[in-house]
Each structure stands twice: as C-alpha cells, then as structure tokens.
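Work through the two exercises below with the sequence and the coordinates at hand, and try each task before reading its solution.

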Amino acid sequence: MKKAVKKSKKYTLLAAALLIIGAILTGCSGSQKADSQEKRPRAESGGQIQLSEEEAESGEAEDQEIVLAGYRNIAPGEEDAYYCSVILYVWEPLIAMDEKGEPAPKLAESWEMSEDAKTWTFHLRKGVSFHDGRSFNADAVLYNFDRMRSEVKPSGFYSLNIDSFYPNLAQVNKIDDYTVELTFTEAAPTLLYTMTNFGSAMFSPGCFDENYNFTGIAQGTGPFKIAENVLDQYVLLERNEEYWGEKAAAKTIRVKTIPDVNTRFSALKSEEIMGVIDLKAITPALANQLAEDDNFAITSTNSTMIDFLCLNGTKWPFSDVRMRQALSLLIDRAAIIDTIYLGYASPTSNILNYSTPFYKEIPVDHDTEKARELAKEVLGEKTVTVKYLIQQDSGEQKAEAELIGALLTEIGVDVTIESYDWATIRERMKTGDYDLARGQQGLPNMEAITIFKRFMYSTGDQNVNYSLGVKDPQIDALIDQADKEIDLAKRQEIYDQLQEISVERQPVLPLYNEKTLMVYNKKLTGYEAQIYGLDLTKVQWTQ
C-alpha cells in the first residue's frame, strides 16, 4: 500500500454525526443525581460541601474526605486476581512505569542482567512492610511468583498469567533476604518492560488461602490502604501512615462506582463528587461542557488504550487483504476524532499503542478513490451486507458505527449494526458470527511483542478468539526472531517491520490511540492525568 496520501475529501455525513453526538452525549440536564447514602464527615448544603470558618482557619480541611467516581468497580474485590487497580495505589509492583512508559524502580531498587540475558538479579527495597504488618522481602516475592505459577487467574484489568509476563521462566531463587534471581531458558532482554505495574504486583502472603485466592481485603505496600470496599458502591482508601516513601497528601479518598456517565456528570455539578478517574471517566462532550464552568478543569494526556475494528478474517469479504485495506483507506480517522471525540484521541493505523517506547510513527493514509478501486477488485459489481457489532449503551460507538456504515455504502458494503454486551460480542467473535466488531485494547505491559503475539501470531489468543484469521509463516518467524534477539537495537528493527506489516495487512483496523481524559473540581489540586490513571497520592484539597 503506497505511503502517498490523497487529500481528505469533506463529506456532509460529519454534520449528521455532530447532530447525533450532540443529542446522545449532552442530553444530561434531566439526569438523576448519583445516590449518596453513606455518612459524610462534614456537612453538606444543597450538594455543596460546606466548611466552617474554624475548619478553614485550623487547616482541618486537608483531613476531610475526598470523593471521586469511576464507571466501574476499580476494586472488584476477592474474585479479581489483583483485587483492585494499580491506580488506587494500594499495591505496588517490583517495577513501575515512568511518564514516558519506561521501566522505573519501585519495590525493586536496582537490577542486573547477565550477558546472555537469561539471568536477572533484583535487589529489593529494605524497610518496607505490607499493610498487615508483614515484612516485604525475598520470601514474599517468591510467594507471589508461586501464586502466578499456580494457575491463570482472571481479572477485569489484565489476567494474572505467568506465561504472558514471564515467558520461558525456569526458576525464581532467593539469594538472600533482599535479593532474588530469575532464570530463563531463553534470552529475556526486555523483561523489565513486561514486569511494569500488573506484571509484578506484590501482595502480602497473608492475603490468600491455600489456592492463592484472596480471603479478604488486599494487603499491599502502597501509600493507601483499603478501609472498606462495598462492591458496586464504593471503595474507601485511607492514607498509609507507615508508608516507606512520600506519604499521600489526602487522608481519606472515597471512590464511588457510578456506571452512568450522565449521573457522574450531575454528581460533579452538585459537588457530590469532586472528580472522575479511570478509563471512560467522562465523554469529551460532557468534559468540555463542564470546563465552561470556572469551577472545573480538564486534565488529559496520552493513554495506553487503542480503539480498533476487528475484522473477521476467516470469511469473505474481509478474508481478502484488499478489502481490509479498502476499509482502512476509506475511514477519515482525523475527521471522526474531531467530530465525535472532539480532538481527545490520535488517529492511527498501527496495531501498537503510542505509549510504548517501541512504537514507530507511521503516516495514516486516507484515500477514498483507492479504497473504491480495491473494493471493486474484491466485490466486482456486487453489494454485500455485513454485521457490525458494537457495545450497547455506548453513544460514541453508535455514532461512530453509523458514520462508518454510511461510508461503507460508497464501496458496495451495506452495514447492519447490532449492539450487545461485551461478553456476547466476544462469544460471537470467537465463533466467527460477525464481520466487523468494535474493540479496544490496553497495554498489559510496555513490551511490544505482547501485542504482536496476541494479534498477529498464528496461535495468538486474540487472533484466535476474535477470528482474525492471521496465519502467515513470515510473521510468525519475525516474532520468534524478535523474541530471541538480545540486541535491543536489532529487536527494534524487527518490531518496526512488524508494525509496518500490521499497517499493510490490517489484522485489525486500528482507529485511534485514546487519551486519558478526566475532569475535576478546582477545590482539588494535584489532579493530573497520567498514561494510566492519575497519581492519586498527589490529590488534595486546595489550600
């Protein structure tokens, strides 16, 4: 596919999309206010938080509870492999991720890699305790690795799977109380990238039963500990006064679960909540509407999430690469971003999210005439009808699908849009009962090969489960070659090839790299979006 791009044509469908989005995403003035039955630590009046003059003068405000909200259970509890998301700062990993997506020390202070990249030695931070008082040390690390090895444990975030995070791991050995050694049967030069955040979560051994399942509230080492967790309602965080590092600014933070975006909007307006966190915290339209009020501010940055269309590569017409290329060329991603997402996204045709240090910038082509030519080569003069699956209750996906569906008529494709819950969509995709389906994927870690293996390898889990139909010995060989390459510069060259192939073959059709988007009340400070969530430890009342 040529890199030269024809200039994008303007089409009147964008005006229609604007009307759709306006009706769907801003019609919230009559929304019901979020439920608030739990006791407040301070008085409220008409939804406004009221501080007495004595409180304000004495500085007691800084100890008052901060209430935030997300759309899902950020602490889904004992059935989840991690109990809660890393963004709550309850548990910590051995290796964290800095603002550029690079590995950074956390519970592991330093490390060394052997020349053959098969042995890694980690030096652990001393003087660290879990919330239950147990010491963090090499024994605790070995216990957590035993837990990972026991079985794949499900999670609403990323599955706890030893083979995903530590492929070819042979042994985990204790050298001394604060040194552990990992040995591999194959070279693992990019191990640090797979260990970031969810890849090396550490919990107290006292959290679990004999099957390594949680028996109560998660006991981590983080700056916050969980005081109470009521599923589908809220999780209450308290500052860990014994934290080994810089203590959290806020004494208590309550994170409510409010699934409906309009209800979250109303709760913000009434000051029942002071900010929103997590993925899909607020729609761009509602964020901009709130930002018109001087009491609110927007915080946004690049996200690890990428949105794409899954294409059923196991049946015609999308089993033909020319049809996948036609669809990619047809879609004016930038125009859709401006129309539906109000600029809070970045167009891409690359399967790899732009947050990983291994990402290669590749121009996004939009060429309607070339799209028509390719589609005609496949369809001739025929018109074909396809099933396009989207998630129910997603106004943005609905508007997006209607716009893309209208464009597809230009190349002889009629679209039937069907909306379901994600579990149903996933099952339909696995059985091949679809043509197009809206999907999204976060980076479980910063190692690019994780995504290539999942979506482009012949036996990759998403390739199989989404019926993508990718079976190419050349791609498999490149992934295998990259997996064994110790020289990171040479490894990057292979990753660049795989990214270019993903743009050419379109195993899935990437649309946008998302942006982390959150809104907060200016009575708070330290509220700053990060690649994944925000630094909750910095959030506090404005003095």
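**Exercise 1.** In this predicted model, determine in which sense strand β3 and strand β13 each pair with β14, and state whether the residues of β14 are buried or exposed.

*Solution.* Begin with strand β3, residues 66-70, which pairs with β14 in the parallel sense over five bridges; within this pairing, the bridge partner of A69 is K256 of β14. Turn next to strand β13, residues 234-239, which runs antiparallel to β14 and is also joined to β14 by five bridges, with V235 standing opposite V255 of β14. Now consider β14 itself, residues 252-257, where six of the six residues are buried, so that the strand is mostly covered. In a regular strand, side chains alternate between the two faces of the sheet. In β14, T252, R254 and K256 point one way, whereas I253, V255 and T257 point the other way, and all of them are buried.

**Exercise 2.** Decide whether R239 of strand β13 is buried or exposed, and describe what its side chain reaches.

*Solution.* The relative accessible area of R239 is 17%, and because buried means under 20%, R239 is classed as buried. Follow the side chain of R239 next: a polar contact links it to the side chain of E241 at 3.0 Å, and the R239 side chain also reaches the backbone oxygen of A248 at 3.3 Å. Finally, leaving aside neighbours within four places in sequence, list the residues in contact with R239, which include D63, P223, F224 and K225, as well as K247, A248, A249, A250 and K251.

Definitions and conventions: Residues numbered from 1 in each chain as written. Predicted model: local features only at pLDDT ≥ 70, side-chain atom pairs only at ≥ 80, totals over all residues. Heavy atoms only, no water. Buried < 20%, exposed > 50% of the residue type's maximum accessible area, 1.4 Å probe, protein only. Helix = DSSP H or I, 4+ residues; strand = E, 2+ residues; numbered from the N terminus. Pairing = 2+ DSSP bridges. Polar contact = N/O pair within 3.5 Å; in protein donor to acceptor, adjacent residues only side chain to side chain. Contact = heavy atoms within 4.5 Å.
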